[in-house]
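Visitor: Please take one helix of this model and go through it closely. What does it pack against, and how is that packing described?

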Amino acid sequence: MDPFTHIKSVLAIVLGLSLAHLIQASLNILLHRGNKKPYWVQMLWVFYVFLLILHFWWWEYNLTGIKVWTFLEYMFVTLYIINYYAIAYVIFPNNISEYDDSYQNYFYARKNWFFSFLGFSFLLDVIDTLIKGRQYFSHSGSEYDARILVSIVLCLLGIRISNRKFQSALVIFFIIYEMVYIARTTSYIGSR
């Protein structure tokens with residue numbers, strides 16, 4: 001068994017739990033809404049996080065190029081994906097009763113945590129990209145650098161600014177950019 005086959009099992013478990021959490025929470029709102037008030041901005045962030053996790057999982061295939069792993073690299077990648085679970089949980093918790101069952105109230109009360117974890121994921125992405133090798137990192141190009149920097153700055157602004165119009169525009173920007181970025185940069189895995 002190659003090292004990545006062993007390592008990817010932990011990746012699959014934690015990322016699978018992250019996706020399952022988002023799907024389960026979304027279905028709970030759809031099927032058992034009751035007096036819980038969904039908030040469209042928060043729901044768009046849920047969609048963005050779902051998309052981000054799928055895209056991350058797709059790119060982690062590039063870890064197959066690493067033939068020798070250290071425990072520190074393994075631990076880093078594991079902590080990185082745990083951060084994705086934290087993002088999924090913070091944007092869509094199991095219980096919002098202390099926020100009058102309003103996802104809008106919850107979002108603005110906990111947005112600092114959400115944007116902190118999200119911004120941290122972009123910092124972790126730089127290290128993850130370096131683990132894949134200097135050549136892989138340099139091949140990422142200037143757009144990658146700009147994407148990371150702009151995303152971190154926007155997360156910091158997301159923490160500081162509670163204006164509803166700004167928050168609405170922010171989530172729409174993140175979704176549109178991520179979809180365009182995926183369409184332009186994602187290639188095939190394997191052979192055809």
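Guide: Contact here means heavy atoms within 4.5 Å, and helices are DSSP runs of H or I, at least four residues, numbered from the N terminus. This is a predicted model, in which local features need pLDDT of at least 70, side-chain atom pairs count only at pLDDT 80 or more, and totals for chains, interfaces and linings use all residues. Residues are numbered from 1 along each chain as its sequence is written, and side-chain values use heavy atoms, with hydrogens and water left out.

The helix chosen is α7 (residues 164-185). α7 has 22 residues and spans 31 Å from first C-alpha to last, close to the 32 Å expected at 1.5 Å a residue (1.5 Å times one less than the number of residues).

Its buried residues (under 20% relative accessible area, 1.4 Å probe, protein chains only) are Gln 167, Ser 168, Leu 170, Val 171, Phe 174, Ile 175, Glu 178 and Tyr 181. The cover over the buried residues of α7 includes α2 (40-59), α4 (103-131) and α6.

Take α6 (residues 141-160): its axis comes within 11 Å of that of α7, and the two cross at roughly 160°. Axes are lines fitted to C-alpha atoms over the stretch in contact, with angles from 0 to 180 degrees between N-to-C directions. That crossing makes α6 roughly antiparallel to α7 (over 145 degrees). Among the residues that meet are Tyr 144, Arg 147 and Leu 154 in α6, and Phe 166, Phe 173 and Tyr 177 in α7.

Terms used: Angles under 35 degrees count as roughly parallel, over 145 as roughly antiparallel, 65 to 115 as roughly perpendicular and the rest as oblique. Buried means under 20% relative accessible area, exposed over 50%, partly exposed in between (1.4 Å probe, protein chains only).
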